[in-house]
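The following report looks at selected residues, a helix and two ligand sites. The sequence and the structure come first.

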Amino acid sequence: MTTVPLGLPRRLVEFTLDGETVRAPEGATVLDACRAAGKDIPTLCEGDTLTPKNACRVCVVEVEGARTLAPACSRLAEPGMSVRTDSERARHSRKLVLELLASSVDMSTTPRVAGWIEEYGAEPGRFGEDAARVEEDPRVDNELYVRDYSKCILCYKCVDACGEQWQNTFAIAVAGRGFDARISTEHGAPLTESACVYCGNCIEVCPTGALSFKSEFDMRAAGTWDESAQTETTTVCAYCGVGCNVTLHVQDNEIVKVTSPHDNPVTHGNLCIKGRFGFTHVQNRD
Ligand code: SF4
Ligand code: SF4
Ligand code: FES
């Protein structure tokens, strides 16, 4: 059982959301209020364990009186504000963001994006066959995880998870500018020669599958990856006394990847190399 520590009670902020009066705890974002009201706002760079960088802009909403659209994931709810989540301007902007992203990178393994593309009538193909795309081969330079930057939307989540927000390893950062911007290790070194400690916390937050377990990458390549046939069992990592929660994803009686519950008050979805990748020892039968 996960125990959630109770903080001090927070004052409620009252504002208007799509014409309805709503209340949200002080410090809550517009996105928090939307979710509490059952509104489904698309998000990509937002993550429940990270402070967002407002990089993707797919969550924009219209705030009355504001010149520009606001990212719901980081705009705080303010008393008396009036927000429209479904205005023509907000929908048009989300559509354009989806078109620009899906026309430049491979979003085939991004959960829910196909549904959003349909919902917003986005046409990623409308820029024509000459539209610039990030085309590069997946980087397979170790046995634990694969980086496929042809699926990367430059959301910064992996950089933040590796750096100041969680791991403090700073093994990866954004290199290059404009269309040449890429997530990279220092001097583009292979992971094995970088500062990476293989915690996999970057994989945990990547929204597109650009970062994935080698096991998942291999199974997808072989056509055997089947999430509908997988079970998830949350247990306690036995490698040391910290007692991190690990969720084992099992397919055909094999552990195929390990995640960690984001609502755990100690780990917040983060693990070390042993919890994240030690599963290979469990099923090493040689
Ligand atoms: S595995 Fe950990 S240390 Fe390595 S790049 Fe990812 S977050 Fe950074
Ligand atoms: S690799 Fe994933 S988490 Fe990192 S910037 Fe690209 S899409 Fe975001
Ligand atoms: S999800 Fe809000 S800016 Fe990306």
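In this predicted model, a polar atom of the Tyr198 side chain lies 3.3 Å from the backbone nitrogen of Thr192. Tyr198 is found in the loop that runs between strand S8 (182–185) and helix H5 (201–205), and, with a relative accessible area of 12%, Tyr198 is buried, because buried means under 20%. Leaving aside residues up to four places away in sequence, Tyr198 touches Asn142, Leu144, Tyr145, Leu191, Thr192, Cys272, Ile273 and Phe277. Tyr198 and Cys162 are separated by 36 residues in sequence, while their C-alpha atoms are 10.0 Å apart in space.

Both Tyr198 and Cys162 belong to the surroundings of ligand 1, which also include Tyr145, Thr169, Ile172, Cys196, Val197, Cys199, Gly200 and Cys202. For ligand 2, the surrounding residues are Cys152, Ile153, Leu154, Cys155, Tyr156, Cys158, Ile183, Cys206, Pro207, Thr208, Ala210 and Leu211. The table sets out the cavity and the residue classes of the shell for each ligand.

| Ligand | Cavity | Nonpolar residues | Polar residues | Charged residues |
|---|---|---|---|---|
| Ligand 1 | second largest cavity | eight | two | none |
| Ligand 2 | largest cavity | eleven | one | none |

The shell around ligand 2 thus has no charged residues, and the shell around ligand 1 has no charged residues either.

Another part of the model concerns helix H6 and a strand that helps to cover it. In helix H6 (residues 214–222), the residues Lys214, Glu216 and Met219 are buried. The cover over the buried residues of H6 includes strand S6 (145–147), strand S9 (211–213), strand S11 and strand S12 (254–259). After H6 comes Gly223, whose phi is positive, near 75°.

Strand S11 spans residues 245–251 and contains Thr247. Is Thr247 buried or exposed? Thr247 has a relative accessible area of 6%, and since buried means under 20%, Thr247 counts as buried. The side chain of Thr247 is joined to the side chain of Thr234 by a polar contact of 2.8 Å. Apart from residues up to four places away in sequence, the residues that Thr247 touches are Glu232, Thr233, Thr234, Lys257, Val258, Thr259, Ser260 and Pro261. Thr234 is therefore one of the residues touched by Thr247, as well as its partner in the side-chain polar contact, since a polar contact requires N or O atoms within 3.5 Å.

Conventions. Residues are numbered from 1 along each chain as its sequence is written. Chains are lettered from A and ligands numbered from 1 in the order in which they are written. This is a predicted model: local features need pLDDT of at least 70, side-chain atom pairs count only at pLDDT 80 or more; totals for chains, interfaces and linings use all residues. Side-chain values use heavy atoms; hydrogens and water are left out. Helices (H or I, at least four residues) and strands (E, at least two) are DSSP runs, numbered from the N terminus. Buried means under 20% relative accessible area, exposed over 50%, partly exposed in between (1.4 Å probe, protein chains only). A polar contact is a pair of N or O atoms within 3.5 Å; within protein, one must be able to donate a hydrogen and the other to accept it, and residues adjacent in sequence count only if both atoms are side-chain atoms. Contact means heavy atoms within 4.5 Å. A residue is near a molecule or strand if one of its heavy atoms lies within 4 Å of it. On a 1 Å grid over the protein atoms alone, a cavity is a set of points where a 1.4 Å probe fits but cannot get out, and a pocket is an open set with protein on both sides within 12 Å along at least five of seven lines; lining residues have an atom within 4 Å of a point. A molecule sits in a cavity or pocket if more than half of its atoms lie within 2 Å of its grid points. Ala, Val, Leu, Ile, Met, Phe, Trp, Tyr, Cys and Pro count as nonpolar, Asp, Glu, Lys and Arg as charged, and the others, Gly among them, as polar.
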